[in-house]
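Biologist: I'm new to this one and would love a close look at a single part. Could you walk me through the salt bridges, and then through whatever you like in the strands and loops around them?

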Amino acid sequence: MTSLETCNEANPVVTKEIRDVAPADYVLTIKSFSSFAKNNIEKHESEEFEVGGYKWKLIIYPQEDKSQEGKDHISVYLAVLGMSPPQHGGPIHVAVRFSLRDQFHNKYFTEQGRVMRVHALKAEWGIPRYMPLETFIDKSKGYLVDDTCVFGVEVFIIKNSGVAECLTLKESTPCTHEWNICRLSSLGDTCLYSDAFTTGDYKWKVLLYPRGDSACRGENLSVFLSLVDSDKLASGQKVNVEYGIRLKRQCKEVQSKDATSWFSSSASEWGWPSFMPLKTVPECQTDHSWVIETKVKVLGTTSKLP
């Protein structure tokens, strides 16, 4: 169970929450917390831990970080180690969650900061006013129990995968194609192709399996729309198409299906393996011709950007 609070723009914290899940990356248990004040210890740096190929430290100011206006507050920071200068290694983008355990209820008070850029000249980021000392030492809160407290941190590195896409929404003029077929029920198992027709600068064909494709052999009439020369599409290019297929006899519609699909070199055929049960075809079958009417409209295309 998690409760969530959204903070305002002036605050470096994006969200505050109370959650059940322990911090995933690093947990620091501090015993004899009062020794910080007794020995005038300004801060504590954790051992190194690794996340996303980088080494980090959790830094706790138990009384206040005087340099960052953290008066009367616990201050928490995350530091990255061994970063090369910006011109060599470049910055990394990171989102950080700091947590403090409520030991009475085994829950974690967590604050998440906004995404930050970390580099050699700015290798540390945190929350100077993480929690008021008054709240922290309040025995009823459960954050400091028997002079022991538990801090934690999670680090989320935002990496650019280098993948980008351009979507172009441009509807073509709808194209209607009619394919006349004689003696539908007498056709064999061979897949039949219609003549090619063009719409939206692409060529198309209709595929008909009179006795069903491999998935519906002997049970259903199977019909598909196929993008001709799909292998000529650019890498990652897809074509969004709205299409409908009607099976007609003597100008009367017997069956129809409509869909919208993305066609590509790896998915060049879309349609219906179970377009129509074969057992219903003979009921209408005579020597009259059948018509497969296909209406196609290209809605847009998408392609990878370099």
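Modeller: Here is a walk through the salt bridges, followed by some strand pairs, two loop residues and a surface patch. Keep in mind that this is a predicted model.

Let's begin with the charged pairs. Side chains of opposite charge can pair when their charged atoms come close. With a cut-off of 4 Å between a side-chain nitrogen of Lys or Arg and a carboxyl oxygen of Asp or Glu, the count comes to 13 salt bridges.

Take K16 and E111: their closest N and O atoms are 3.9 Å apart. K16 sits in strand β2, residues 13-19, and E111 in strand β9, residues 107-113, so this pair links distant parts of the chain, 95 residues apart. The two partners have their own surroundings: K16 is partly exposed at 26% relative accessibility, while E111 is buried at 2%.

Strand β9 also holds K107, whose partner D20 lies in the loop between β2 and β3; those two are 87 residues apart. Their side chains meet at 2.4 Å, N to O. K107 counts as partly exposed, with 25% relative accessibility, and D20 is partly exposed too, at 35%.

Now hop to K297 and E242, which meet in a salt bridge at 3.8 Å, N to O. K297 belongs to strand β22 (residues 290-304) and E242 to strand β19 (residues 238-249), so the bridge ties together parts that are 55 residues apart in sequence. Here K297 is buried, with 17% relative accessibility, whereas E242 is partly exposed at 36%. There is a network as well: salt bridges that share partners join E17, R19, R97 and E154.

Next come the strand pairs, with β6 (residues 54-61) as our guide. β6 runs antiparallel to β4, and 2 bridges join them; across that pairing, E45 stands opposite I59 in β6. β6 is also antiparallel to β5, residues 49-51, with 3 bridges between the two. In that pair, V51 stands opposite Y54. β5 and β6 make a hairpin with 2 residues between them, and G52 in the turn has a positive phi of about 65°. Then there is strand β7, residues 73-81, which is antiparallel to β6 and joined to it by 7 bridges. You can find K55 opposite L81 in β7.

If you follow the side chains along a strand, one thing helps: in a regular strand they alternate between the two faces of the sheet.

Two loop residues are worth a stop. S32 has a positive phi of about 55° although it is not a glycine. Look for S32 in the loop between β3 (26-30) and α1 (35-38), where it is partly exposed with a relative accessible area of 41%. N40 is not a glycine either, and its phi is positive at about 55°. N40 lies in the loop between α1 and β4 (44-45), and with a relative accessible area of 71% it is exposed.

Finally, the surface patch. L167, L169 and W262 form a nonpolar patch with about 330 Å² of accessible area together. One of its members, L169, lies in strand β13, residues 165-169. Why does L169 count as exposed? Because its relative accessibility is 69%, and exposed means over 50%.

Key: Residues numbered from 1 in each chain as written. Predicted model: local features only at pLDDT ≥ 70, side-chain atom pairs only at ≥ 80, totals over all residues. Heavy atoms only, no water. Patch = residues over 30% accessible without salt bridge, like charges linked within 9 Å, V, L, I, M, F, W, Y side chains within 5 Å. Areas by Shrake-Rupley, 256 points an atom, 1.4 Å probe, with all protein chains shown as cover. Helix = DSSP H or I, 4+ residues; strand = E, 2+ residues; numbered from the N terminus. Buried < 20%, exposed > 50% of the residue type's maximum accessible area, 1.4 Å probe, protein only. Pairing = 2+ DSSP bridges.
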